[in-house]
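I opened this notebook to record what I looked up about ring contacts and internal space. The entries follow the order in which I checked things.

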Amino acid sequence: MAPVLPYSNKDTKYDNAKFRRRTRLRRFVQAIRNSNVKKQCGSCGIGQLLLLLLITGLMYLAVTHSKHSAASHGKKVGKRFEGTETLSQLWNRKGAPKVSSPGKVAHGGGISTTEDTALWKQRQAEVAGAFVHAWKGYTSYAQGYDELQPVRKAGVDDLGGLGVTVIDALDTAMIMGLKDVVRDAGSWIQKELMGRIAARGQVNLFETTIRVLGGLLSAYHLRGGGASKGWGAAGKAHIVGPDPEVYLDCAKDLGDRLMSAFTNSKSAVPYSDVFLKERTARRAGDFSGAASTAEATSVQLEFSYLSHVTGDSKYEKAAMAVYEHINRLPKTEGLVPIFISPDTGNFEGHNIRLGSRGDSYYEYLLKVWIQHGGAAHNESSVAYLREMYEEAMGGVRHKLVAKSEPNGLVFVGELPNGAGSALHPKMDHLVCFLAGNLALGATRGRTLKDAMSEGVLSESDLADLKLAEELGKTCYEMYNVTATGLAPEIAYFNIYGENHEVEGGRDDSFYKHDIRIKRADRHNLLRPETVESLFLLYRITENPMYREWGWKIFQAFEAHTKVSSGGYSSLDDVTSVPAPKRDKMETFFVGETLKYLYLLFGDSNVLPLTEFVFNTEAHPLPIRSKKAAMIESVAKSVGDVSTDQQADVSTHKHGGKKRHSKKKAAEEEADGATIRDILMK
């Protein structure tokens with residue numbers, strides 16, 4: 001079973017020098033044990049033994065005096081400790097993480113040997129090769145369509161006809177340094193996308209925001225837009241493809257049309273269906289017009305960044321108003337139903353789950369808080385989001401977490417009939433995002449090592465880390481239990497204390513009695529949630545086990561989903577070999593799954609978690625700096641720039657760039673304030 005973070009000190013009886021400091025006395029004694037003194041003890045004279053005892057006594061006095069001095073200077077602040085208290089003392093009190101020995105894969109602080117670095121670079125190159133193969137299939141048979149059907153060698157428009165695969169794949173190609181792909185995708189966007197946005201009909205607000213708007217904004221940033229520090233294969237802004245303003249112009253036009261979902265609604269909750277050409281919106285055509293809670297609350301990262309780069313606050317105001325409204329609604333320990341009415345603004349139904357229609361509500365509570373500077377500089381305006389997130393995670397631990405029988409896999413179930421109903425032991429693959437999200441929330445994007453040394457982990461953070469690693473293990477076993485090594489869309493867990501007939505698992509699998517896979521749920525859509533969590537868990541814990549798990553999953557994708565003529569296909573049944581193909585390459589395979597695998601196998605300095613936050617479609621967006629927050633604060637005091645003014649003086653058209661005078665004044669004032677702050681220190 002994978003090592004997990006313990007709840008109490010009783011689970012910390014180990015001695016791993018990488019994570020736990022030893023006292024000087026312990027190091028001295030260990031040195032003696034490892035030296036030749038012990039072996040030659042029989043030939044030692046009396047004088048040598050007395051000298052050894054004298055040295056030992058002096059060392060003991062020095063250590064005890066040092067401990068006494070340190071204890072007199074430390075101070076306790078709330079649940080966290082400051083002063084000269086050692087890291088090992090802090091960990092012993094709160095419960096140290098059990099982390100398996102890195103063995104041959106990595107050594108000391110996650111720094112790999114030369115041989116291991118070469119191995120992971122090779123594996124990373126194989127992921128890039130898989131992306132190129134997927135792109136080849138798309139451009140050969142489905143160029144301009146939303147998605148590829150690789151078996152039929154055709155394209156299909158299931159997402160509004162905006163060529164979504166092109167946009168979802170663009171920043172992945174940028175990160176991988178695939179210049180030809182970046183150039184081709186950028187050229188298509190420059191020539192085709194604006195016209196399509198203006199001519200297309202109905203699209204879904206959520207899907208279009210996370211895939212298209214998010215992809216355009218990420219590409220804009222990575223291309224060097226907004227005087228940003230872009231990150232690519234070499235950590236620099238990309239120099240190929242169209243001017244970054246091309247991406248921003250498309251994003252702004254799309255954002256303006258999507259705004260009708262907010263302006264047409266009777267409440268702060270947006271409508272689900274948007275008609276791009278008409279610039280109108282309406283309630284969803286099903287579920288009595290209710291919106292999915294996850295969809296209404298998972299556009300805030302994108303709309304906030306759009307406001308940041310355009311200087312127009314309307315996008316962020318509309319999106320953040322949803323959170324302000326939901327913050328006032330009743331909840332069950334932070335947990336909410338999966339439907340909400342845009343007419344009344346109230347939740348509908350009782351179904352509570354972290355799978356479909358519920359998942360990214362909890363994800364974005366944390367990530368929007370991070371994006372707005374909550375983790376980086378304690379931005380007070382979004383503190384309520386962190387509070388909502390922490391309350392919800394407490395509710396998850398209390399009401400949704402259970403263990404399977406007979407081998408104790410930890411899973412997150414559902415409450416289909418509300419908080420007072422029995423737990424339903426069903427877990428969507430979508431829920432696997434939670435493992436990485438919990439780890440990200442616990443350390444605020446720092447490595448576990450750094451978070452421990454800085455003393456920023458509370459007891460609830462440690463509980464979240466423990467649950468993160470347990471869920472990561474469960475999600476991996478959902479892959480490992482099947483004949484193909486790929487996870488089903490949905491799994492059920494045995495909680496009844498008896499070994500049922502094996503249903504969907506391999507006969508030789510250790511967890512064949514814990515995990516049940518029903519026939520209707522055996523398909524695989526090339527989903528990213530598990531490898532996303534493996535990426536985050538590896539970045540945070542630096543445990544190479546997560547890389548190895550990711551590699552096994554990638555090999556399974558290669559073995560069972562690859563189509564020789566180009567592209568990868570979703571599967572109908574992961575429990576049989578050969579697995580019948582479903583004939584669809586979802587855009588998130590190139591936008592998320594391969595991106596997270598590539599980053600998992602690569603350098604942790606690329607797109608660091610303390611500087612970037614990934615939207616729910618894996619498009620990296622920069623975390624707002626303290627300076628940017630000051631600029632926007634000053635701009636608000638000066639007065640918001642109207643849309644008309646933005647169109648007149650801020651639009652970049654293939655030449656010189658004009659900047660609105662008020663925005664420039666705000667930047668200058670913020671720069672001055674920063675300089676004054678430095679001089680006053």
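**Rings and cavities**

I began with two aromatic residues and found that F535 is buried, as is Y596. I keep in mind throughout that this is a predicted model.

I then searched the whole structure for aromatic pairs, which gave 16. Among them is the pair of F535 and Y596, which is tilted, with 5.5 Å from centre to centre and 35° between the planes. Because F535 belongs to helix α20 and Y596 to helix α22 (residues 587-600), this pair ties together parts that lie 61 residues apart in sequence.

Next I looked up W551 and F601, whose aromatic pair is edge-to-face, at 6.0 Å centre to centre and 70° between the planes. W551 sits in helix α21 (residues 545-560) and F601 in the loop between α22 and β16, so I noted a link between distant parts of the chain, 50 residues apart. Both W551 and F601 are buried, and ring pairs join them with W120 and F554 into a cluster.

Turning to charges over rings, I found the charged end of R386 over the ring of W369, 4.8 Å from its centre, and K518 over the face of Y492, 4.1 Å from the ring centre.

Finally I checked the internal space and counted 3 cavities of 30 Å³ or more, the largest of which holds about 70 Å³. F535 and Y596 return here, since the lining of that largest cavity includes them along with K367, E532 and F612. I sorted its lining residues into 9 nonpolar, no polar and 2 charged, and noted that α14 (359-371), α20 (529-541) and β16 (612-614) each supply at least two of them.

Notes:
Residues are numbered from 1 along each chain as its sequence is written. This is a predicted model: local features need pLDDT of at least 70, side-chain atom pairs count only at pLDDT 80 or more; totals for chains, interfaces and linings use all residues. Side-chain values use heavy atoms; hydrogens and water are left out. On a 1 Å grid over the protein atoms alone, a cavity is a set of points where a 1.4 Å probe fits but cannot get out, and a pocket is an open set with protein on both sides within 12 Å along at least five of seven lines; lining residues have an atom within 4 Å of a point. Grid points are joined across faces, edges and corners, and a volume is the space filled by probe spheres set on the points. Helices (H or I, at least four residues) and strands (E, at least two) are DSSP runs, numbered from the N terminus. Ala, Val, Leu, Ile, Met, Phe, Trp, Tyr, Cys and Pro count as nonpolar, Asp, Glu, Lys and Arg as charged, and the others, Gly among them, as polar. Rings of Phe, Tyr and Trp (its six-membered ring) pair if their centres lie within 6.5 Å; planes under 30 degrees apart count as stacked, over 60 as edge-to-face and the rest as tilted. Buried means under 20% relative accessible area, exposed over 50%, partly exposed in between (1.4 Å probe, protein chains only). A charge sits over a ring if NZ of Lys or CZ of Arg is within 6 Å of the ring centre and within 35 degrees of the ring normal.
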